[in-house]
2 protein chains.
Amino acid sequence: MNHITTRQVLAAQSWRYATKVFDATKKIPADVWHALEQSLVLTPTSYGLMPYRFLIVQDAAKRTALLPHSWGQNQVVDCSHYVVFIARTEMKEADVDKLISRISQVRGITPDSIKFYKDMMMKDVVNGPRGKTAHEWAARQAYIALGNFMTCCAALGVDACPMEGLVPTEYDKILGLEGSGYKTVVACAAGYRADGDKYATAAKVRYETKDLVQVV
Amino acid sequence: MNHITTRQVLAAQSWRYATKVFDATKKIPADVWHALEQSLVLTPTSYGLMPYRFLIVQDAAKRTALLPHSWGQNQVVDCSHYVVFIARTEMKEADVDKLISRISQVRGITPDSIKFYKDMMMKDVVNGPRGKTAHEWAARQAYIALGNFMTCCAALGVDACPMEGLVPTEYDKILGLEGSGYKTVVACAAGYRADGDKYATAAKVRYETKDLVQVV
């Protein structure tokens, strides 16, 4: 594999910022979006269960409806692609069976040969400790996708703004999620910064490395 | 900025897998680790609050002690760098003041000029809705860091294995976190795959894009 240099990785991380103002006329080209979409699909999750979906809200009326439930942040309407991360409300045997079936299909093996794996998942995310807080567990997986997505955006020179400032229950209504088994957990606006976004040039604020990272 | 190509981003995502067997003799070089460490530091978080820390467990005795509380997964002892993500147990005014102070310092402005920002955070993550579930909110931020870290590992050709299969309370004891205001939420082993890891060549299992990504 043709790996990326440390300099490129550091440059991408330094270049990105939570974009406040998007240029509404600039759209992410199809090939770049394809890579970003695949970064969502290829995100690693616990057991590989992918307990989430990604809604790309491109309908202008829906975006306008979401705006007042997004603390009025105009990124919702001005960005090129608006990604809403939705996560399973609970985990059932059917979720586990669906993965077992997919593994069997992709790897050309029988479901019986990985019954131990089904049992392991059942005892944890369905009937076990994680089953009790399944939505929260699923939400954490969605946040892995969010982290992955933002990093890939930065790598590709696409601006992004993570959006926790939203009302999940109102999003659920507008996006028709009630009764779907999924709930809104977070969103991310992606596109290109407007020339006038003053935050683009503001110094990045992080605690010192020694305060965040400790060798023990 | 010298951006990375879509082909490189896709290749990195396809190359990575949850490494089951690490080559214990191969260590991440200092310059590569520096970039990975900075990816942790530069992770975006809600309000920029960074309600977490990253413990790099390099002490062999500590790793051995963690092993039985990690479902016996040998990645804990065999990897080059073992990162434990710990998140704030609650959010207090002091957490907010610390960030306000840091913003003032880095951007050369007075704390008074961003008092509105302090008020906003106080009304949400301390005394408001997110304050009630502050640890979970902090854990989600740690998962952004986890996603970012795994993606940067892949970009740099470093293998990784996310570790949810661990007992947080036992980790907290071994790592001396009790009473520290932080709790273990997840871990990630990083290093280089062993030649014999059969999972390295197993077909990657994901649901079809149309089942995970929907345009609305």
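This chat covers how chain A and chain B meet in a predicted model.

Trainee: How many residues of chain B are in contact with chain A?
Mentor: 85 residues of chain B touch 85 residues of chain A.

Trainee: And what area is buried between chain B and chain A?
Mentor: About 7900 Å². Carbon and sulfur atoms give 63% of that area.

Trainee: Which three residues supply more than any other three on the chain B side?
Mentor: Arg140(B), Tyr207(B) and Val216(B). They supply 10% of the area that chain B buries against chain A.

Trainee: What's the salt bridge count between chain B and chain A?
Mentor: Four. In one salt bridge, the side chain of Arg130(B) meets that of Glu164(A), at 3.9 Å from N to O.

Trainee: Switching to helices. At what angle do helix 2 of chain A and helix 1 of chain B pack?
Mentor: About 15 degrees, with the axes 9 Å apart. Helix 2 of chain A covers residues 30–41, and helix 1 of chain B covers residues 6–15. The angle is under 35 degrees, so the two helices count as roughly parallel.

Trainee: Is that crossing left-handed or right-handed?
Mentor: The crossing of helix 2 of chain A and helix 1 of chain B is left-handed.

Trainee: Which residues meet there, in helix 2 of chain A and helix 1 of chain B?
Mentor: From helix 2 of chain A, Asp31(A), Val32(A), His34(A), Ala35(A), Gln38(A) and Ser39(A). From helix 1 of chain B, Thr6(B), Leu10(B) and Gln13(B).

Trainee: How do the residues of that contact divide into nonpolar, polar and charged?
Mentor: Three are nonpolar, five polar and one charged.

Note on methods:
Residues are numbered from 1 along each chain as its sequence is written. Chains are lettered from A and ligands numbered from 1 in the order in which they are written. This is a predicted model: local features need pLDDT of at least 70, side-chain atom pairs count only at pLDDT 80 or more; totals for chains, interfaces and linings use all residues. Side-chain values use heavy atoms; hydrogens and water are left out. Axes are lines fitted to C-alpha atoms, for helices over the stretch in contact, and angles run from 0 to 180 degrees between N-to-C directions. Helices (H or I, at least four residues) and strands (E, at least two) are DSSP runs, numbered from the N terminus. Angles under 35 degrees count as roughly parallel, over 145 as roughly antiparallel, 65 to 115 as roughly perpendicular and the rest as oblique. A crossing is left-handed if the near helix is turned anticlockwise from the far one by less than a right angle, and right-handed if clockwise. Contact means heavy atoms within 4.5 Å. Ala, Val, Leu, Ile, Met, Phe, Trp, Tyr, Cys and Pro count as nonpolar, Asp, Glu, Lys and Arg as charged, and the others, Gly among them, as polar. Buried area is the accessible area (1.4 Å probe) that two parts lose on being put together, summed over both.
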